[in-house]
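Here is a short briefing to keep beside you while you look through the model. Please have the sequence and the 3D view open together.

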Amino acid sequence: MKRQQLLLLILAFGVFSILNTEMGIIGILPMAAEMYQVDIVQAGMLVSLFALGVAIAGPTMPLLFMRFNRKRVMLLVLV
């Protein structure tokens, strides 16, 4: 029981981190655009490209890794 709670906590932390990666850049988008001397629209493409990557990897990653141990694959993806 204790081990399952730990694994669930690790999974929750991983999902939280991945989603915050996408949303975190939104808050600093004007600073990133200024730092790299690009328009806000061009800097906003970071969020769109990340979301596109998640949309593509979401259905394909399970298909590619289905023959491996799920727990090890999850730890590999989180690392």
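The notes below go through the helices, the loop and the surface in turn.

Welcome to a predicted model. Two helices set the scene: α1 covers residues 2-27, and α3 covers residues 40-65. A further helix, α2, spans residues 29-35.

**Helix α1**
- Helix α1 has 26 residues, and from its first C-alpha to its last it reaches 37 Å. That is close to the 38 Å expected at 1.5 Å a residue.
- If you follow α1 along its axis, you will meet a kink of about 35°, centred on Thr21.
- Ile25 also belongs to helix α1. Setting aside neighbours within four places in sequence, Ile25 touches Leu46 and Val47.
- Ile25 and Leu46 are 21 residues apart along the chain, yet 8.2 Å separates their C-alpha atoms.

**Helix α3**
- Helix α3 is built from 26 residues and reaches 37 Å between its first and last C-alpha atoms. Here, too, the span is close to the expected 38 Å, at 1.5 Å a residue.
- A kink of about 35° sits at Ala57 in α3, and the proline Pro59 follows shortly after.
- Three residues to look for inside are Ala43, Gly44 and Val47, which are buried in α3.
- The buried residues of α3 pack against α1 and α2. Val47 is one of these buried residues, and Val47 is also a contact of Ile25.

**Ile40 and its contacts**
- Ile40 is part of helix α3. Ile40 counts as partly exposed because its relative accessible area is 45%, which falls between the 20% limit for buried and the 50% limit for exposed.
- Beyond neighbours within four places in sequence, Ile40 is in contact with Leu29, Pro30 and Ala33.
- For Ile40 and Leu29, eleven residues apart along the chain, the C-alpha atoms are separated by 7.0 Å.

**The loop between α2 and α3**
- Gln37 is found in the loop that joins α2 and α3.
- Although Gln37 is not a glycine, its phi is positive, at about 55°.
- Is Gln37 buried or exposed? Gln37 is exposed, because its relative accessible area is 73% and the cut-off for exposed is over 50%.

**A nonpolar patch on the surface**
- Leu6, Leu7, Leu9, Ile10 and Leu75 make up a nonpolar patch on the surface. Together these residues offer about 440 Å² of accessible area.
- Which helix gives the most to the nonpolar patch? Helix α1 does, with four residues.
- Ile10 is a member of the patch and lies in helix α1. With a relative accessibility of 33%, Ile10 counts as partly exposed. Patch members need over 30% relative accessible area, so Ile10 at 33% passes that cut-off.

How values were computed
Residues are numbered from 1 along each chain as its sequence is written. This is a predicted model: local features need pLDDT of at least 70, side-chain atom pairs count only at pLDDT 80 or more; totals for chains, interfaces and linings use all residues. Side-chain values use heavy atoms; hydrogens and water are left out. Patches are made of residues with over 30% relative accessible area and no salt bridge: like charges are joined within 9 Å, nonpolar side chains (Val, Leu, Ile, Met, Phe, Trp, Tyr) within 5 Å. Accessible areas come from the Shrake-Rupley method with a 1.4 Å probe; for residues, only the protein chains shown count as cover. A salt bridge is a side-chain nitrogen of Lys or Arg within 4 Å of a carboxyl oxygen of Asp or Glu. Buried means under 20% relative accessible area, exposed over 50%, partly exposed in between (1.4 Å probe, protein chains only). The expected span of a helix is 1.5 Å times one less than its number of residues. The bend at a residue is the angle between axes fitted to the seven residues ending there and the seven starting there. Contact means heavy atoms within 4.5 Å.
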